[in-house]
Each structure stands twice: as C-alpha cells, then as structure tokens.
Amino acid sequence: AIREAGYRQHGLTPPSAACSGGDMPALAACWVSTGDPKPAQRLLTALRQFAPAISSAASGDQSGVCWEAALAYDLLHRYPGLTIEDRQRIEISLESVLRNTLEQLDDDSPSLWHGRSTLAADAWLCAIALDPTDAARERLIARAQGHFLQTIKALELTEGWPEGYNYWINSRAFLIALAGSAYLNGLDRPLQAERVRRVLRRVGYWTLYATRPDHRIEALGDEGPRVDLKDETRRVIDLIAQATRDPVLAAYSAALGQLHGAESYYRDYRWGFRLFNDPSLAPVPGTDIAGLFSGLPSAELFGRNALNLAYIHSDWTPDATFISFRAGDTFTHHGHYDAGHFSLFKGTPL
C-alpha cells in the first residue's frame with residue numbers, strides 16, 4: 001500500500017500486471033500486492049507440490065532451479081493458511097535442491113564466469129529461505145553463503161562481466177542481484193553487507209557508463225541482442241538501486257522507463273515491478289536523461305588492474321562523444337583478446 005501511494009505521489013503508473021501470471025513468483029507478487037487469498041492458496045498448492053527435476057549438469061547457462069520457489073515461499077510467510085506442516089514439507093524440498101546444487105558447486109567443473117555464478121546465487125537464495133533448525137542445516141546454509149561470497153569476490157575484481165553484457169543480463173544479473181538483496185535483508189548480522197552493496201553498485205554503474213549515446217551497451221566479449229537495454233536491464237537496476245539506495249541508479253531506471261516504456265520490463269516479469277522498483281527513490285518527474293546524469297564524472301574505470309575497462313562521456317546528451325578502452329585480462333572463453341583496443345562513438349560507431 002505504501003508503494004502504491006508512492007507511485008501516485010510521483011505521478012508514476014506501474015504496470016498493471018501484478019496478477020496476470022500463474023507461476024510461483026507472479027502468484028506471490030499478486031498476494032503481497034493485493035492481499036487476495038486466492039493467489040496465495042494457489043501458490044501454497046504449487047509449493048506443496050514443488051519437486052523440480054534436478055539437473056546433473058555442472059556448467060553452462062543454468063537459470064536456477066530453486067529461486068522461484070524460495071522467493072515465493074519467503075513472500076508467503078505471513079499467509080494464515082501456511083501451516084507448520086506446510087513449512088516443514090516445503091523446506092525439505094528446498095533443502096533437497098540445495099544439497100544437489102552444493103554438490104555441483106563443490107566440484108571444480110562449473111566455470112566461474114559461466115555457470116558457477118548462477119549456481120552460487122541460486123544456492124544462496126535457496127538457503128536463505130530455510131529455517132536453520134539444526135547444525136546440519138546451518139552447515140548447508142554456511143556452504144551456500146561461502147559460494148555466493150566467492151561470486152562477490154570475483155565481481156570485486158572485475159566490476160563488470162568479462163563474457164560480455166549479454167551473458168550478464170540474460171543469465172547472471174537478476175539472480176546475483178536478487179541473491180545480494182537476500183544477503184542484505186535475510187541475515188541478522190550480514191558481516192559483508194557493505195562489500196556486497198559496493199559490488200552491486202559498481203556493477204550497476206558499469207551498465208550506466210557502458211551505455212552509449214544511442215542507448216545501447218558498448219559491446220564487450222561475445223555479445224547478443226540484449227545490448228538494446230530492453231526487457232531485462234531495468235529490473236536488475238531496480239533491484240540494485242533498492243539494495244543500495246543509490247539515487248543515480250534509480251535515475252538510470254527512470255531513464256530506461258522513458259526509453260522503453262512497458263517494454264523496460266519483459267511482460268512475463270512485470271509481476272516484479274512492485275517488488276523491485278522503489279518509488280521513494282524516483283527522480284523529479286519530467287527530468288530528461290541528460291539532466292538525470294549531469295552531475296556524474298565524465299569518465300570511470302572498472303576492474304582496476306584486472307578487467308581495466310574505461311568509459312569516457314563528453315556529456316550525457318544524444319550528441320555526446322563516447323570512448324571505451326579495454327586494457328585488461330580476458331578471464332573467460334567468451335571474453336575477447338582485445339587488450340589495448342579502444343572504440344569511438346559519435347552519432348555512430350567510428
């Protein structure tokens with residue numbers, strides 16, 4: 001209710017799709033947005049039956065098999081129909097998935113920049129939803145946290161995704177940002193809180209600074225279509241802005257909304273808008289994109305002494321001159337051997 005009032009206060013119109021989906025996160029978002037017990041009961045039925053097919057694959061583009069159930073279960077906690085027996089049954093299923101995921105993570109075959117990061121984020125999201133009822137479960141949760149903090153350590157080194165933006169935003173970004181939010185909000189004393197916030201903020205700023213004046217991400221590594229900033233980017237930026245309370249990233253989210261409207265959130269993900277987009281961070285209505293970023297430094301370096309990605313903006317208008325410079329290590333087979341290369345953009349790539 002507070003969020004809805006905040007949207008009205010700022011003259012914002014959130015997507016009217018909070019109750020349009022039938023998957024577990026959509027049902028959970030509908031329940032917390034409306035208080036309607038019908039989606040909550042449908043969700044409870046789905047969680048009672050939760051037993052995903054657990055893949056034995058240990059690398060590749062895992063999308064995560066646990067996060068949807070874990071997020072839905074977390075958001076359903078205050079539903080009066082959720083019994084102690086339900087909690088025990090659901091948590092046994094979550095723990096089963098977590099054990100399998102940790103077995104994969106404890107093996108050395110998942111690639112750090114390709115599959116391991118997704119598995120680690122999914123494991124942590126699974127673990128944080130569990131009640132640490134005994135020492136054995138506490139050890140599982142600790143193992144999952146350790147793997148997730150290794151992903152944070154890797155991102156500290158690069159402050160960007162060496163495979164390229166498409167690999168980041170399509171398969172990594174949402175789960176890592178959601179797992180970071182779970183770390184900050186799900187522990188009584190998150191000892192690495194400032195570290196996690198700093199990493200999330202820097203990755204968010206990497207996205208902002210890598211955005212060219214034509215509102216596309218400057219290519220890095222093996223790229224694909226999501227450099228157009230539609231569908232996937234805004235919900236990740238919203239999550240990071242919410243976790244860090246960063247007004248610049250909130251302004252970047254608003255800019256993506258100006259550019260792509262409803263398509264700034266993929267239609268199947270619009271259930272998440274009210275969960276991730278915090279209206280209290282919204283910039284002053286009517287400010288153009290150049291105005292939103294007018295106070296930012298014109299240049300930034302990401303992954304100092306490691307990935308070494310530099311971006312330079314003459315200003316933030318569509319006519320700006322934009323330079324990127326790549327001067328670091330490759331890190332991954334989807335990265336390119338292009339240390340020393342630079343690119344110049346002025347109206348078009350030159």
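Angles between helix axes under 35 degrees count as roughly parallel, over 145 as roughly antiparallel, 65 to 115 as roughly perpendicular and the rest as oblique. This is a predicted model, in which local features need pLDDT of at least 70 and side-chain atom pairs count only at pLDDT 80 or more, while totals for chains, interfaces and linings use all residues. Residues are numbered from 1 along each chain as its sequence is written, and side-chain values use heavy atoms, with hydrogens and water left out.

Helix 6 (residues 112-128) packs against helix 7 (residues 135-158) at an angle of about 135°, their axes being 8 Å apart, and the two helices are therefore oblique to each other. Among the residues that make this contact (heavy atoms within 4.5 Å) are Trp 113 and Trp 124 of helix 6 and Phe 148 of helix 7.

The structure also holds 2 disulfides, a disulfide being a pair of cysteine sulfur atoms within 2.5 Å.

| Disulfide | S to S | Angle about the S-S bond |
|---|---|---|
| Cys 19 to Cys 30 | 2.0 Å | 90° |
| Cys 66 to Cys 126 | 2.1 Å | 55° |

Cys 66, in the loop between helix 3 (37-48) and helix 4 (67-75), is linked to Cys 126 in helix 6, 60 residues apart, so that distant parts of the chain are joined. Cys 66 has 0% relative accessibility and counts as buried, where buried means under 20% relative accessible area, exposed over 50%, and partly exposed in between (1.4 Å probe, protein chains only). Cys 126 is likewise buried, at 1%. In the other disulfide, Cys 19 is partly exposed at 45%, whereas Cys 30 is buried at 7%.

Technical notes:
Axes fitted to C-alpha atoms, helices over the stretch in contact; angles between N-to-C directions. Helix = DSSP H or I, 4+ residues; strand = E, 2+ residues; numbered from the N terminus.
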